[in-house]
Amino acid sequence: MLELKGLSYNVSGKEKDIEIIKDVDISFDKGKLYAITGPNGSGKTSLAQLIMGIYPATKGRILFKGEDITDLDISERAKKGIGYAFQYPPRFKGLKVLDLLSLASGIEEETVARGYLRQVGLCPEDYLDRDVDPGLSGGEMKRIEIATLLAKNPEFVIYDEPDAGVDLWSFDLLLDVIRNKHKKEGITTILISHQERILSLVDEIILIVDGRIKDVGNKDKIWPVIKDVVGCQRDTLCSRRDKVETKCR
Ligand SMILES: Nc1ncnc2c1ncn2[C@@H]1O[C@H](COP(=O)(O)OP(=O)(O)OP(=O)(O)O)[C@@H](O)[C@H]1O
Ligand SMILES: [Mg+2]
């Protein structure tokens with residue numbers, strides 16, 4: 001359904017360009033549930049944002065349902081059916097939760113927006129009229145971000161650490177919502193996560209280390225590799241890149 005071919009992403013550093021994503025080749029099949037995992041700073045969010053068109057690819061191509069979408073911008077990719085829930089959802093001063101959900105669903109009916117809030121465990125009476133600004137807590141914002149993605153209803157979705165900042169009790173609910181949508185509607189779904197529990201639920205895990213795909217497979221195959229990587233990385237982020245280069249590859 002979505003193919004990445006030789007995808008790379010560089011940013012400008014002080015002296016030279018820094019390669020954040022390095023020559024990634026992978027295909028995501030329609031209707032499958034994936035997890036992307038890897039150490040902090042390994043490039044998970046960058047890869048998701050390249051797919052969504054938030055960052056431009058430095059090299060390589062992105063194909064969606066056979067069509068080359070590399071040169072399309074975010075809104076054009078969203079129209080094609082690609083969706084992304086941010087790790088750190090942006091706030092929009094002056095925009096109400098109701099407006100955000102109406103824009104996302106394209107339906108200006110309060111009852112519709114209420115339904116999405118209930119799905120993510122937020123009481124519509126308390127939230128519809130709130131501004132999408134820093135007044136919302138991290139966990140509230142995360143749920144509103146997920147509700148917004150449900151309202152957009154894309155056929156290929158990436159949730160970037162949907163569990164981050166969400167309490168243990170509510171996370172079960174959110175996970176059920178995401179999984180039901182995937183199961184019932186066949187939505188191709190990627191969960192970026194560090195949680196073993198999530199890794200146990202998915203069809204396939206993609207392990208990213210230092211901007212490269214290190215391995216792909218089910219949990220039985222990938223778990224020992226993850227343990228291995230963890231063993232190599234019990235150190236500070238600054239020395240880690242060297243260790244990854246020399247010992248952990
Ligand atoms: N504009 C930039 N300039 C310099 N470095 C950048 C820039 N954008 C991203 N990076 C670096 O790229 C690497 C990958 O970042 P990314 O956010 O994709 O990591 P991640 O795997 O999502 O990490 P986490 O688990 O912490 O969310 C990090 O080392 C980050 O500091
Ligand atoms: Mg990230």
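Here is a chat about salt bridges and a metal site in the structure above.

Modeller: Quick ground rules: this is a predicted model, so local features need pLDDT of at least 70 and side-chain atom pairs count only at pLDDT 80 or more, while totals for chains, interfaces and linings use all residues. Residues are numbered from 1 along each chain as its sequence is written, chains are lettered from A and ligands numbered from 1 in the order in which they are written, and side-chain values use heavy atoms, with hydrogens and water left out.

Colleague: What makes K5 and E3 a salt bridge?

Modeller: The rule asks for a side-chain nitrogen of Lys or Arg within 4 Å of a carboxyl oxygen of Asp or Glu. The closest N and O atoms of K5 and E3 are 3.9 Å apart, so the pair passes. Counted that way, there are 16 salt bridges.

Colleague: Why is K5 called partly exposed?

Modeller: Buried means under 20% relative accessible area, exposed means over 50%, and partly exposed is in between (1.4 Å probe, protein chains only). K5 has 40%, so it lands in the middle class. E3, at 28%, is partly exposed too.

Colleague: Where in the chain do K22 and D210 sit?

Modeller: Their salt bridge has its closest N and O atoms 3.2 Å apart. K22 is in strand β2 (residues 17-28) and D210 is in the loop between β11 (204-209) and β12 (212-217), so the pair links distant parts of the chain, 188 residues apart. Helices (H or I, at least four residues) and strands (E, at least two) are DSSP runs, numbered from the N terminus. Both K22 and D210 are buried.

Colleague: How do you know that K181 and E185 are about one helical turn apart?

Modeller: Because they are four residues apart in helix α7 (residues 168-185). Their side chains meet in a salt bridge at 2.8 Å, N to O. K181 is at 16%, so it counts as buried, whereas E185, at 46%, is partly exposed.

Colleague: Which residues are linked in a network of salt bridges?

Modeller: D29, K32 and E204.

Colleague: What makes T45 and Q87 donors to the magnesium ion (ligand 2)?

Modeller: Donors are N, O and S atoms within 2.8 Å of the metal (3.2 Å for Na, K and Ca). T45 (OG1) and Q87 (OE1) coordinate the magnesium ion at 2.0 to 2.1 Å, so both qualify. T45 is in helix α1 (residues 44-52) and Q87 in the loop between β6 (82-85) and β7 (92-96), 42 residues apart. Water is not among the atoms, so sites may look incomplete.

Colleague: Is Q87 buried or exposed?

Modeller: Q87 has a relative accessible area of 15%, so it is buried. T45 has 21%, so it is partly exposed.
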